[in-house]
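Here are some notes for a colleague who is opening this structure for the first time. Please keep the sequence and the model side by side while reading the points below.

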Amino acid sequence: MKKIVKRYRVFLIVLAIMLVITLFNYDLGINAFGVTGYSLKEMILVIPPVFVLLGLLDIWVPRETMIKYMGEGSGLKGIILAFFIGSAAAGPLYGAFPIAAVFMKKGVKFSNIMIFIGAWSTTKIPMFLFEMASMGAKFAITRLLIDIPGIIIIAFILSAVMKEDEIKKIYESAEHFDD
Amino acid sequence: MNIALYVVAGILLVFSFYKDQKKTKMALKKAWKAFENILPEFLVVILLVGLLLAIMNPEMISSIIGDKSGWLGVILAAVIGSITLIPGFVAFPMTALLLDGGAGYMQIGAFISTLMMVGIVTMPVEIKYFGKKLTIYRNLLAFLFSFVVALVIGVVMSR
């Protein structure tokens, strides 16, 4: 029980703050809880398949296979795959982080993981179609064409600024994502 | 979109169960553990999203990045995009409305870019997986990159 309270401490504090806000500004508070309820619904809808997929990925795909296609020395093939997997995704960015953890566990190269995160965040195919429809083809295609090199450049800068032992530590902690 | 995700996960799950029941159970156990592990951070994020979106509604956003707000408007648009988290199917119709309401392409470009790539409220989740340093660097670089996006969008769309 004590452990549970400790883990959910921040959540309980934020919840308490929101309740206090509701006391002082009823409309704002109710509105905030309304949006939270909406996000909760979205989370409940998106999360189960994402986590089932990462469980299956972890169990069925051998480490050697992932290293071969996306690990050190996977070159352009790894970059393209990272882009493709990230872009085929659906759901908010926070869904990408647990999958990135499984990728780390399977020996996927650091820069490819950063490309995957970048692609998931901004070049998702379903979102692109939606952007074309609302903002027009010129806007959507222009953004896609700057985003692709942008994501790669950001991934390489991140690989350069992170020290080897820092990356190693992140990979080690990924081993325990399902403890 | 969600349906496609469910269909893919469902088919693979059935296939996995057919091939090896024990392994499938292990996969599901891993899925649950991984989820339970990050649940406290998820809950914090959705509360923060609720609070922020209640304060920063579309009317407020359009009043800030409205017509002729210039580079200051671009900076504000990038900041608002960084701290809000709006699903794309809500965001794009909204930005289309903002455009009609007189917001500039540059401001909208910066807003969409940081909305998708920078996540201040999701930082608790990101830090749990990536650590503080990588999380801060990634978000900072994505924030700066959004100005490049704004500039290019501004140039291309004005022609």
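1. A convenient place to begin is the surface of chain B, which exposes about 7,400 Å², with carbon and sulfur atoms supplying 73% of that area. Please keep in mind throughout that this is a predicted model, and that every value quoted here was computed from it. For chain A the corresponding exposed area is about 8,700 Å², of which carbon and sulfur atoms supply 72%.

2. The secondary structure of both chains is helical, with no strands assigned in either: chain B has 7 helices and 0 strands, while chain A comes to 10 helices and 0 strands. Reading chain B from the N terminus, the elements therefore run α-α-α-α-α-α-α under the assignment used here.

3. On overall dimensions, the C-alpha trace of chain B spans about 60 × 30 × 30 Å along its principal axes, and the C-alpha atoms of chain A fill a box of roughly 60 × 50 × 35 Å taken in the corresponding way. For chain B there is also a reference value to set beside this, since a compact globule of 159 residues would have a radius of gyration near 15 Å, whereas chain B has 20 Å.

4. How much of each chain is buried? In chain B, buried residues make up 52% of the 159 residues, and in chain A, 51% of the 179 residues count as buried. As for contacts with a separation of 6 or more, residues 24 or more positions apart account for 77% of them in chain B and for 71% of them in chain A.

5. The charges deserve a separate look in each chain. Chain B carries 13 positive and 7 negative charges, and the mean positions of these two sets are 16 Å apart. Chain A has 18 positive and 14 negative side chains, and there the centres of the two sets lie 2 Å apart.

6. The interface between the chains involves 72 residues of chain B in contact with 76 residues of chain A. The area buried between them is about 6,900 Å², and carbon and sulfur atoms give 80% of it. On the side of chain B, the residues that lose the most area to chain A are B:Leu47, B:Tyr129 and B:Phe130, which together make up 10% of what that side buries.

7. Which residues of chain A does B:Ala9 touch? B:Ala9 lies in helix H1 of chain B, which covers residues 2-19, and, once residues up to four places away in sequence are set aside, it touches A:Pro49, A:Val52, A:Leu53 and A:Leu56. With a relative accessible area of 5%, B:Ala9 is classed as buried, because the cut-off for that class is under 20%. The C-alpha atoms of B:Ala9 and B:Val152, which are 143 residues apart along the chain, are separated by 38 Å.

8. B:Ile86 is placed in the loop between helix H4 (70-83) and helix H5 (88-100) of chain B. Its relative accessibility is 13%, so B:Ile86 counts as buried. Leaving aside neighbours within four places in sequence, B:Ile86 is in contact with B:Leu53, B:Ala91, B:Met94, B:Phe111 and B:Leu115. By contrast with these contacts, B:Ile86 and B:Lys22 are 39 Å apart in space, C-alpha to C-alpha, with their positions 64 residues apart in sequence.

9. In chain A, helix H8 (residues 125-135) includes A:Glu131, whose relative accessibility of 2% is why A:Glu131 counts as buried. Apart from residues up to four places away in sequence, A:Glu131 touches A:Gly136, A:Phe139, A:Ala140 and A:Arg143, and also B:Phe92.

10. Helix H8 of chain A also contains A:Pro126. Is A:Pro126 buried, exposed or partly exposed? Its relative accessible area is 21%, and A:Pro126 is therefore partly exposed, since buried means under 20% and exposed means over 50%. The C-alpha atoms of A:Pro126 and A:Ala88 are separated by 7.7 Å, although the two residues are 38 residues apart along the chain.

Terms used. Residues numbered from 1 in each chain as written. Chains lettered and ligands numbered in written order. Predicted model: local features only at pLDDT ≥ 70, side-chain atom pairs only at ≥ 80, totals over all residues. Heavy atoms only, no water. Helix = DSSP H or I, 4+ residues; strand = E, 2+ residues; numbered from the N terminus. Rg over C-alpha atoms; globule rule 2.2 N^0.38 Å. Buried < 20%, exposed > 50% of the residue type's maximum accessible area, 1.4 Å probe, protein only. Contact = heavy atoms within 4.5 Å. Areas by Shrake-Rupley, 256 points an atom, 1.4 Å probe, with all protein chains shown as cover. Lys, Arg positive; Asp, Glu negative; His and termini not counted. Charge placed at Lys NZ, Arg CZ, Asp CG, Glu CD. Buried area = accessible area lost by both parts, 1.4 Å probe.
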